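Student: I have a model open and would like to go through it. Can we start with how residues are sorted into classes?

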Amino acid sequence: MTHRVAIVGAGPSGFYAADGLLRTNPDLHIDVIDRLPTPHGLIRAGVAPDHQGTKAVARQFDRLLARPDLRFAGNIEIGRDLSWDELGAAYDAVIVATGMVIDKKLGVPGEDLAHVWGSWRFVGWLNGHPDFRQGPDLSKAKSVAVIGNGNVALDVARVLAKSADEMAKSDIVPEAGAAISAAPLTDIYVIGRRGPEHASFTNNELAEMGRLSRAVAVTDTKGLDATPPSSDPTPARLRKAKNLEILRGFANNKAGAKPVTVHFLFQAAPVTFKPGEVELTTGKLPADLVVTCIGYRGEDFPKREDVFPVGWAKRGPTGTIPTNRAESHAVAQQVMAWLKARDPKSGPDVLPIAVDAAGWHRIDKHETAAGAAHGRPRVKLTDWQTLLDVAQDG
Ligand code: NAP
């Protein structure tokens, strides 16, 4: 008899877990379940639309979808269409790969104003996530405040700062691309609450900010002679030292040298947001749009011995996509050990009718054909019902 494993979440950590399970060539059936009609999770909804090299890993995951022992079940939400208890009763093990999809809050006054956006929602809009089809009003946005010193803050600042030409080969949704191109943007502030030696930017992503055609990156020399914390492990210290070197290069640039200036500000924590303005511990700045990029939290899931979290659901919102591979493979080994000691359950198939792999391929074909007409990798469908209709009929 065959063991059955449900993987909840069709993002990178879920697919790497499936890959880890299948590498042991087991007598196993795997269902990869997702709330969205589309697979790929963060690769589709979170990786910036201009970083197509990062998104290319999705092709590996699509190859897994062709396996006869793996089934994709999109448009199924656990808790709505099927309870965690029903899932636990029907499967021999459940892998939770649901990521973290809720923007953390700063907890400062004005955070709920319409022009203050969390990065999950903002990047979801850029990426055509069907829950976030309505973008911010950028028609009068001259100044943008981006709160946070991680790679998500750089993603947000870069996509706003890039020219339409630089975004031409991306899969940004056309409405977002057009709104950004038409916005009268002149200043983007990337704001860190600590010094530059603590920023969690990675070097390539920070250096890219210095190579934008319509934007110049600038910063103050103050604090750039700091040394990275000696308590950090060596790779983090090397990365931070290189960040400081890159920032010293930015300090030689002149604000206003290009149509858009990206200002890196440090030791500045948000105190309050008002329409058109952000007050920081260091003073006030104009801000017609604020995007907080300060991390995420996840939704609850049952903590049981047959439930195995992976990826961000396991370790929190840190690490790049490849970080998940070894970790998900290790969890797959734990799942195999758990299954080995147990007889398979023999209940009926409880999955409701869903978007299967063939449905996803129809969506994929539709989107890539629409993209080809514009020289882009794809033009995403963003309306939930249209996604379902195309999955059904092509
Ligand atoms: P992150 O690297 O943890 O950065 C979060 C930032 O938010 C930090 O600068 C943090 O400052 C700041 N922050 C947190 N709470 C704050 C508060 N109350 N007030 C002000 N600032 C606050 O997280 P992320 O940028 O969301 O990225 C998540 C993960 O995805 C990271 O591992 C990242 O490298 C990865 N990622 C990678 C790429 C890529 O490889 N291209 C792209 C995007 C994301 P403190 O340091 O002071 O806490």
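Tutor: Ala, Val, Leu, Ile, Met, Phe, Trp, Tyr, Cys and Pro count as nonpolar, Asp, Glu, Lys and Arg as charged, and the others, Gly among them, as polar. By that scheme the shell around the ligand holds seven nonpolar, eight polar and four charged residues. This is a predicted model, in which local features need pLDDT of at least 70 and side-chain atom pairs count only at pLDDT 80 or more, while totals for chains, interfaces and linings use all residues. Residues are numbered from 1 along each chain as its sequence is written, and side-chain values use heavy atoms, with hydrogens and water left out.

Student: How many residues surround the ligand, and which are the closest?

Tutor: There are 19 residues around the ligand, and the closest are Asn149, Arg193, Arg194, Ser200 and Gly319. A residue is near a molecule if one of its heavy atoms lies within 4 Å of it.

Student: Which helix gives the most to that shell?

Tutor: Helix α7, residues 151-161, with three residues. Helices (H or I, at least four residues) and strands (E, at least two) are DSSP runs, numbered from the N terminus.

Student: What lies 2.7 Å from an oxygen atom of the ligand?

Tutor: A polar backbone atom of glycine 319. The backbone of valine 152 also has a polar atom, 3.0 Å from a ligand oxygen. For arginine 194 the side chain supplies the N or O atom, 2.8 Å from an oxygen of the ligand. The ligand taken alone exposes 910 Å², and the protein buries 79% of that. Those areas come from the Shrake-Rupley method with a 1.4 Å probe.

Student: Switching to the whole chain, what is its secondary structure?

Tutor: The chain has 14 helices and 16 strands.

Student: And what radius of gyration does the chain have?

Tutor: The chain has 22 Å, which agrees with a compact globule, because 394 residues would then give a value near 21 Å. The radius is taken over C-alpha atoms, and the globule rule is 2.2 Å times the number of residues to the power 0.38. Along the principal axes, the C-alpha atoms fill a box of roughly 70 × 50 × 35 Å.

Student: Any backbone oddities? Where is asparagine 75 found?

Tutor: Asparagine 75 is in the loop between β3 (70-73) and α5 (84-90). Its phi is near 70 degrees, a positive value in a residue other than glycine. Glutamine 267 also has a positive phi, near 55 degrees, and is found in the loop between β10 (260-265) and β11 (270-274).

Definitions and conventions: A polar contact is a pair of N or O atoms within 3.5 Å; within protein, one must be able to donate a hydrogen and the other to accept it, and residues adjacent in sequence count only if both atoms are side-chain atoms.
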